[in-house]
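Please walk through this model with an eye on its charged side chains and the contact between its chains. Where do the charges meet, and how is the contact built?

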Amino acid sequence: MTVTERTGAAPRPTGPLSKIDYSERIPNNVNLAADRRLQRALESWQPQFIDWWKTLGPSLPTKDVYLRTAVAVGRDGWAHFEHVPMEEYRWGIFLAEQDPDRTVQFGKHKGKEAWQEVPGEHRADLMRLIVVQGDTEPASVEQQRVLGNTAPSIYDLRNLFQVNVEEGRHLWAMVYLLHAYFGREGREEAEQLLKRNSGDLDSPRILGAFNEETTDWLQFFMFTYFTDRDGKFQLGTLKESAFDPLARTCEFMLKEEAHHMFVGTTGVQRTVERTAEVMKEAGRPATFEDGVIPLDVIQKYLNFQFSVSMDLFGSEQSTNAGNYYTSGLKGRWQETRRKDDHVLLEGSRSMNYVEDGQIKQKIVPMLSALNLDLRDEYVADCANGVARWNQELEEAGLNDRLFLPHEGFNRKVGGYAGHFVSPAGEVLDEAAYDGLVSQWLPTSEDREAVAALMIPEYEYGKFARWIAPPKSGINDQPVEFDYVHLAEEGVA
Amino acid sequence: MVERAAPQLVWTREENPVWNADKQRVIGGAPEGTFTLSFADGDALPGDWWAARTSDGTVVGFGRIDLTWGGDAEILLAVDPERQGEGIGSSILQHLEDEVVSQGVNYVHNRISDHPRRDFVHDWLVVRGFRGPVDSDLRKRVGSNWAARADSKPAHAEEPYDVDSDPGGQGPGREDKGGYVNVDQHNY
């Protein structure tokens, strides 16, 4: 059997293509060879990245994995699938096609040419935006390091590794921008992106949420559904940036990000499907003794991951978010589809806040509430997946439903911080909340019980009992395809 | 300048922050270029705000956190121009850092490039753990007071075994009575 027969044809490209140069040590479509100084700088960073990957990347030993690698950056068909040893994955620098006529779509520079260089006045802000984005990318790889040891199937293991290598590539994307446009300071920040590590006491990742190990696969699926989606929305705003290299970088990252959310959506869906099957058969709520994850525990995991992901957006109102917009550094989600003046100096919107034990509304300037604007778009998108999961319950003839908790539930950031809001949106006092919170968030007992189900299943085509098989495989391959070849020490 | 010991301050979150006379006095009293906050009386303020008051209720300072996506946390602190050099700024900074940590963020940043006394403020921040050039972001790891924590008693530390209250007991260090060995509490 030839590689092509076995791995399937690459998707047919139909859009404009900017070929990626794989003859270079660092694959790229930015003509890196023409800038020897930059090329040398990145080549000196490359071994540090590989060291980081070997030290803090996936811990399960593998021979090779059926991975998607970008081969072009056109509108459609851009990837190639093959078995590759993970440490030989071709991490590279890929920017979406350049539009020579691109103009700034919003803020005070609206209508002017997009920037190909960093304006001095925005240098510090732009670099910080890139560093913050870059910090999240490798963090999740570090958090998910040991997850392969409990994979529910080879299919899922492959998806985990695909997410991991692409998060690594997204780090490359940010490091390229730092090296290419921010001089010595940028190079130092690029070094720091590898020196900060998830869980490191002295030098942790920026966000506390990215410093905790992902201990089980339901948490992983919830992470890729809710937290990677969070990243998708941030990338969507940076894709609008007046700084064209950043915009093009993020546009291509979004393409890869879609698979990560697919992993989350279908992962939770398959978990719910299996639980629903058991509930239907037994005619009662499923328990851990049934070998599946009870629906109320799935809801608790959902409540947790949704609420911590909401915190990622920052405070509802922010001067800096408004300044980023006015300066052209960061737009809104689907900026060009918005039907307003794209300057926002006059606009306003309503915002919830807590006062006297009640959730009230006030009108605030639109420009100051752009974190909230983005968060609202995110919540609407999150609801789609929940509807899909509920479809499984409906098809099983069950009346139970999953739901997104209220935006104020379990919040540490913004206007709801310090208040005690139930998932239904009721403002409680602290004692009442504390008495009920174990019904809403996973307890350590819940997490231990979920972890106890996480027994690895490495036989091709077989799946752990707590999760249903997918309807189809990756890249038209069968579900039982040999997506991952474990190293002998990984099998033992 | 030598700072005196910080007065006891009452730290209060402003649920619905607006520009008011106290802010005009404390923040508006700073030299031009220190802050770029051009608000009118009663204007709602973005970001999370706290007021620092003395025991008689007088506002002597403000702290603000402006948090954007991914834990990008900028802090602002202002001290009543009449009360500077009393340690109030250090106290506000500590409170702000605690607030940032409680929001799950591990770093804060500040920018002072337009501050009329930026070299002085740069030194002030560097002494308090910030790092970075005067004309760009100054950043600090917060919530990492590991040295101080190592000196303090850990939460799970055992209470010393009170031999006198348990004369026939088998507590730690009472090998002679069949007790288990605890090196630190060993009784000879």
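Asp137(B) is buried, with a relative accessible area of 10%. Keep in mind that this is a predicted model. The acid has a partner: Arg128(A) and Asp137(B) meet through their side chains in a salt bridge, 2.6 Å from N to O. That pair crosses between chains, running from helix 3 of chain A to strand 6 (residues 137–141) of chain B.

What is the accessibility of Arg128(A)? The value is 5%, so Arg128(A) counts as buried. Arg128(A) also forms a salt bridge with Asp72(B), at 2.9 Å from N to O. Here Arg128(A) lies in helix 3 (residues 123–143) of chain A and Asp72(B) in strand 4 (residues 72–79) of chain B, so this pair too joins two chains. Asp72(B) has a relative accessible area of 1%. The cut-off for buried is under 20%, so Asp72(B) is buried.

These residues belong to a network. Salt bridges link Asp125(A), Arg128(A), Asp72(B), Arg111(B) and Asp137(B). The network therefore takes in residues of chain A and of chain B.

Now turn to the interface as a whole. How many salt bridges does the rule find across the interface of chain B and chain A? There are four. Glu189(A) and Arg139(B) also meet in a salt bridge, with 2.8 Å from N to O. Polar contacts add to the picture: 24 residue pairs across this interface are in polar contact, both residues being at pLDDT 80 or more. On the chain B side, the elements giving two or more residues are strand 3 (59–68), strand 4, strand 5 (107–111) and strand 6. Strand 3 of chain B gives the most, with four residues. By residue class, the chain B side divides into eight nonpolar, 11 polar and 11 charged.

The size of an interface is often given as the accessible area lost when the parts come together. Between chain B and chain A that area is about 3,100 Å², and carbon and sulfur atoms give 47% of it. Within chain B, the residues losing the most area to chain A are Trp69(B), Tyr107(B) and Arg139(B). Together they make up 24% of what that side buries. Arg139(B) is thus named twice here, once for its lost area and once for its salt bridge with Glu189(A). Counted by residues, the contact takes 30 from chain B and 46 from chain A.

Step back to the total. Over all chains, the structure holds 42 salt bridges. One of them sits within chain A: Glu459(A) pairs with Lys462(A), and their closest N and O atoms are 3.9 Å apart. The cut-off is 4 Å, so a distance within that value qualifies. Are these two residues buried or partly exposed? Glu459(A) has 45% relative accessibility and counts as partly exposed. Lys462(A), at 41%, also counts as partly exposed.

One more site in chain A deserves a stop. Pro294(A) is placed in the loop between helix 7 (244–282) and helix 8 (295–311). Its relative accessible area is 6%, so Pro294(A) is buried. Which residues does Pro294(A) contact, leaving aside its neighbours within four places in sequence? They are Thr275(A), Ala286(A), Thr287(A) and Phe288(A). Val272(A) is 22 residues from Pro294(A) along the chain, and their C-alpha atoms are separated by 8.8 Å.

Technical notes. Residues are numbered from 1 along each chain as its sequence is written. Chains are lettered from A and ligands numbered from 1 in the order in which they are written. This is a predicted model: local features need pLDDT of at least 70, side-chain atom pairs count only at pLDDT 80 or more; totals for chains, interfaces and linings use all residues. Side-chain values use heavy atoms; hydrogens and water are left out. Buried means under 20% relative accessible area, exposed over 50%, partly exposed in between (1.4 Å probe, protein chains only). Contact means heavy atoms within 4.5 Å. Buried area is the accessible area (1.4 Å probe) that two parts lose on being put together, summed over both. A polar contact is a pair of N or O atoms within 3.5 Å; within protein, one must be able to donate a hydrogen and the other to accept it, and residues adjacent in sequence count only if both atoms are side-chain atoms. Ala, Val, Leu, Ile, Met, Phe, Trp, Tyr, Cys and Pro count as nonpolar, Asp, Glu, Lys and Arg as charged, and the others, Gly among them, as polar.
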